[in-house]
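Work through the following exercises with the sequence and the coordinates at hand. Each task is followed by a solution that goes step by step.

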Amino acid sequence: MAVAMSSTCPGLYCGRTNINDSLEGECGVCPRGQRTNFEKICEKCTGSPELYDWLYLGFMAMLPLVLHWFFIEWYSGKKSSSALFQHITALFECTAAAIVTLLLNDPVGSLYIRSCEVKMLSDWYTMLYNPSPDYVTTLHCTQEAVFPLYTIVLIYYAFCLVFMMLLRPLLVKKIACGLGKTDRFKSIYAALYFFPILTVLQAVGGGLLYYAFPYIILVLSLVTLAVYMSASEIQSFKNLVAKKKRLVVLFSHWLLHAYGIISISRLDKLGQDLPLLALVPGPALFYLLTARFTEPNRILSEGGNGH
């Protein structure tokens, strides 16, 4: 029987000849896809991810897609009409990477995945909880206690990079004729920088992101929406609907607002949580109603007149 050595290390067990014996025999970590239960015995994880787990995976999957779109738009500018095709290609790359990742995950060949329940922050950092029963020998219990939330994101990023390198250069070379030879590949070069950053972020801060991502989504979406509306000089509803692109940006941010609210509430109580989605348009409406009162030229002119 495999019995856990310590409750602080969810993946460590020590073998016993019978339950009444003292701890002895070979010690080690539970196999991948297993973690210790309440009886401190290694048990295969057969549950499915909760809604919050899927929302976390969705957030981590959105990061490279949003960065792709940002850099495509940044480097395409007004010189190229190929930005739309690159956006669609980036969406296809990330979607294909997500599907392949799910198919390769246990159980193989199915979009359904089994997972271990996340109980506390320490489950993400088992390498920090290696016990020393005799204060001499250290038992290493590094194991994916949050299977597969830790490694599945890294696998997804790897496939995103592979699909990008297979598809994007050919597409950009053929349709990005409005850009110079050096500019047309800059969005790809940017991805070669941000993918390693995302990988390190997941490897080091995956547990922190798991608990903080709803608030990160809300804060970043609010800030970026305010910056965009300010940079585009949108001060009225008429300015907002003047261009379709502005409406697309607005609705995209509203989706992110809703995503953050759902992630925080987890929809545990639908009757109380669903009405919170009515707050989604609030920040944009507040900006439009107050923008004219904070216009810099007006403030300077009033200050010069002594008001």
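A disulfide is taken here as a pair of cysteine sulfur atoms within 2.5 Å. The model is predicted, so that local features need pLDDT of at least 70 and side-chain atom pairs count only at pLDDT 80 or more, while totals for chains, interfaces and linings use all residues. Residues are numbered from 1 along each chain as its sequence is written, and side-chain values use heavy atoms, with hydrogens and water left out.

**Exercise 1. Decide why C160 has no disulfide, and state whether C160 is buried or exposed.**

Step 1. The closest cysteine sulfur to that of C160 belongs to C94, and at 4.2 Å it is too far for a bond.

Step 2. Seen from the other side, the sulfur of C94 has that of C160 as its closest cysteine sulfur, again at 4.2 Å and too far for a bond.

Step 3. Buried means under 20% relative accessible area, exposed over 50%, and partly exposed in between, with a 1.4 Å probe and protein chains only. C160 has a relative accessible area of 1% and is buried, and C94 is buried with 5%.

**Exercise 2. Find how many disulfides the model has, and describe each one.**

Step 1. By the distance rule, the count comes to two disulfides.

Step 2. One of them joins C30 to C42, with an S to S distance of 1.9 Å, and the -75° about its S-S bond makes the link left-handed. C30 lies in the loop between β3 (27-29) and β4 (34-36) and C42 in strand β5 (residues 42-44), so this pair ties together parts that are 12 residues apart in sequence; strands (E, at least two residues) and helices (H or I, at least four) are DSSP runs, numbered from the N terminus. C30 is buried at 2% relative accessibility, and C42 is buried at 16%.

Step 3. Another disulfide joins C45 to C116, also with S to S 1.9 Å, and it is right-handed because the torsion about its S-S bond is about 95°. C45 lies in the loop between β5 and α1 and C116 in the loop between α2 (83-104) and α3 (151-175), so the pair ties together parts that are 71 residues apart in sequence. Both ends are buried, C45 with a relative accessible area of 7% and C116 with 1%.

**Exercise 3. Characterise the aromatic pair of Y52 and Y210, and then look at what surrounds Y52.**

Step 1. Rings of Phe, Tyr and Trp (its six-membered ring) pair if their centres lie within 6.5 Å, and planes under 30 degrees apart count as stacked, over 60 as edge-to-face and the rest as tilted. A search of the whole structure finds 18 aromatic pairs.

Step 2. Y52 and Y210 are edge-to-face, 5.1 Å from centre to centre and with 85° between the planes. Because Y52 lies in helix α1 (residues 51-76) and Y210 in helix α4 (residues 186-231), the pair ties together parts that are 158 residues apart in sequence.

Step 3. Y52 is buried, with a relative accessible area of 5%, and Y210 counts as buried at 5% relative accessibility.

Step 4. Ring pairs link Y52 and Y210 into a cluster with Y56, F59, W124, Y150, Y211 and F213. The charged end of R266 sits over the ring of Y52, 3.8 Å from its centre, where the criterion is that NZ of Lys or CZ of Arg is within 6 Å of the ring centre and within 35 degrees of the ring normal.
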